[in-house]
Amino acid sequence: MSQPILSLSAVRVAYGRIEAVRGVDLAVGRGAFVGIIGSNGAGKTSLMRAISGVVRPAGGTITFDGEDVTGRKSHEMVARGLAMVPEGRMVFSDQSVRDNLMLGAYTRIGRDDAGVADDLEKVLGLFPRLAERIDQVAGTLSGGEQQMLAIARGLLSRPKLLVIDELSLGLAPKILDLLFPVLTALNRDGLSILLVEQMASYALAVTERTYVMENGRVILEGASTDVAVDPRVLDAYLGRRGAA
Amino acid sequence: MEAVIQYLLTGLSAGSVYGLIALGFYVMWSAAKAVNFTYGEMFMLGGVLTVVLMELGLPLPVAALTAIAAAALAGAVIERVFVRPFNQESNAIGWMLTTIAVGIMIEASTTATYGPLGRPLPSPLAEEPLRIGGSGIYPQELLLPVAAILITLALEFFYRRTVLGRAMRAVSFNRVAAGLVGIDADRITLLAFAMAGALGALAGFLVAPVIQASASMGVIVGLKGFMVAIIAGIANARGVVVVGILYGIAEKLIEGFLSTAARDAIGFTLMILLLLLFPQGLFGRAEVRKV
């Protein structure tokens, strides 16, 4: 197997004396679709913040695209090809949809304007609702549309790995039924995706591999189909109902 | 009536200075949620450095541009050394202390080297006053509102239409999100402080022919500019300039009809009342603090 696009070794994240992530090993293969599930407070978002360079890990090593990137800042990670769709979406709600998308291409503007224009058309094809609202201020979009915008904005940096933190947060099932197929299609086209999701049943259904986090540690990992039938997962996350 | 026109004209000019200073505070606050309280000194450098460089034999435009560039550099250095390290935690206030202290040092060392007295900055536009009705005003004074308006429009264009300006707004809106799209928020903040430094120096250079360039010219003006920015709500360029001009006019009216001594007492009282009535500022919106 070729070298993974992302691999973590013994990564720890701490806020002061509180340790949110206590030594996580994880790998995302090139072109893979990997999920992380776990309850609120399991350390998933802290781990994502470390991967994307928002916080500096307290320990361990992060390797991205073959290079040690531990402690790199988020803007450097974007330039290297990692895009994160953060928890809560964080769209620039005082700017238009178009300007949000162009900010997504910030690292490419002036260098690859033709490619940016192409990609803009592509993401608007993926999310026609954004095309309809292209000149609207992002703050006026619905939650689902803002999530589309956040994903589209991430894609405009032309990432090698797309990290999505809590895709489903606050969204109606109807919107999720729209969003998940888009991710599957992007993955089929070769994009590596790391999806963090509290709604375990959704994540297990679309990903190939799944990590289960609890109390800052990975307690279980494997093919999503296996994880979905693991008794611990059935009990804690699927309520013994959603098994595939 | 003539007197009123006179007050309005000089108030417009003085108020434009407040507006320009307030614009600088707005630019810095937007990017960093912190400001540089040495800012009055950037204004002072614009006047004093231009005078000094002209005394050394440089022609006016070269002297002025050099002074403005120096103030931009000073703004950047102050951000890097005295603001950023003291603005790491949300709600940090260390930068207040450091920048106030550095401001006092800049003023003191300018007094020590340049001298305590003001010196004129010769300008062809400050020799013969224009007569408007029975009132007189130097063309130089009319440059100030023109500059305030042009710079406001330029800033609005910059924030809305350029990639860099939109990146600055993104940083202002949410630093984490800005980083996640690849914007180096620290660099953008540095740039904002440099821009503000240049803006302050430009105001100082423009007003120096009228008020004389002195080491202490920036202290009170800097403070009033900051007040104006707060009253306006430090949320948009137009708002801070409008409030600046209105405050300048109010000052001149008070000066004219009451006394110079009453000016600041009444002016500051007015500001405090406005702040009580409009805690978010006249044009402000609720400031959402992000962690």
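**Exercise 1. Which residue in strand 2 of chain A stands opposite Y15(A)?**

Solution. The model is a predicted one, in which local features need pLDDT of at least 70, side-chain atom pairs count only at pLDDT 80 or more, and totals for chains, interfaces and linings use all residues. Residues are numbered from 1 along each chain as its sequence is written, while chains are lettered from A and ligands numbered from 1 in the order in which they are written.

Step 1. Locate the strands: strand 1 of chain A covers residues 6–15 and strand 2 of chain A residues 18–28. Helices (H or I, at least four residues) and strands (E, at least two) are DSSP runs, numbered from the N terminus.

Step 2. Establish the pairing, which requires at least two bridges found by DSSP between two strands. Strands 1 and 2 of chain A run antiparallel and are joined by 8 bridges.

Step 3. Read off the partner: I18(A) is opposite Y15(A). The two strands form a hairpin with 2 residues between them, and G16(A) in the turn has a positive phi of about 60 degrees.

**Exercise 2. Determine the strand order of the six-stranded sheet of chain A and the helices that lie across its strands.**

Solution. Step 1. The open sheet has 6 strands in the order 6-7-8-3-9-10, with mixed pairing.

Step 2. Strand 6 (82–85) and strand 10 (217–223) of chain A each have a single partner strand, so one side of each is without a neighbour in the sheet. Direction ignored, neighbouring strands are turned by 15 degrees against each other on average.

Step 3. At one edge, strand 9 (residues 209–214) and strand 10 of chain A pair in the antiparallel sense over 6 bridges. Here V212(A) has L220(A) as its bridge partner in strand 10 of chain A.

Step 4. Angles run from 0 to 180 degrees between N-to-C directions, with axes fitted to C-alpha atoms, for helices over the stretch in contact. Helix 1 (residues 44–51) of chain A lies across strands 3, 6, 7, 8 and 9 of chain A, at about 150 degrees to strand 7. Helix 6 (residues 143–155) of chain A lies across strands 6 and 7 of chain A, at about 170 degrees to strand 6.

**Exercise 3. Which elements of chain A give two or more residues to the side that touches chain B?**

Solution. Step 1. Residues are in contact if their C-beta atoms, placed from the backbone, lie within 7 Å. The contact takes 21 residues from chain A and 15 residues from chain B.

Step 2. The elements are helix 2 (74–80) and helix 3 (97–104) of chain A. Helix 2 of chain A supplies the largest share, 4 residues.

**Exercise 4. How is the packing of helix 2 and helix 4 of chain B described?**

Solution. Step 1. Two packed helices are described by the angle between their axes and the distance between the axes.

Step 2. Helix 2 (residues 39–55) and helix 4 (residues 94–114) of chain B pack at about 20 degrees, with their axes 10 Å apart.

Step 3. Angles under 35 degrees count as roughly parallel, over 145 as roughly antiparallel, 65 to 115 as roughly perpendicular and the rest as oblique. The two helices of chain B, helix 2 and helix 4, are therefore roughly parallel to each other.

Step 4. Assign the contact residues: G40(B), E41(B), M44(B), V48(B) and V52(B) belong to helix 2 of chain B, and G103(B), I106(B), E107(B), T110(B) and Y114(B) to helix 4 of chain B.

Methods
Two residues are in contact if their C-beta atoms, placed from the backbone, lie within 7 Å.
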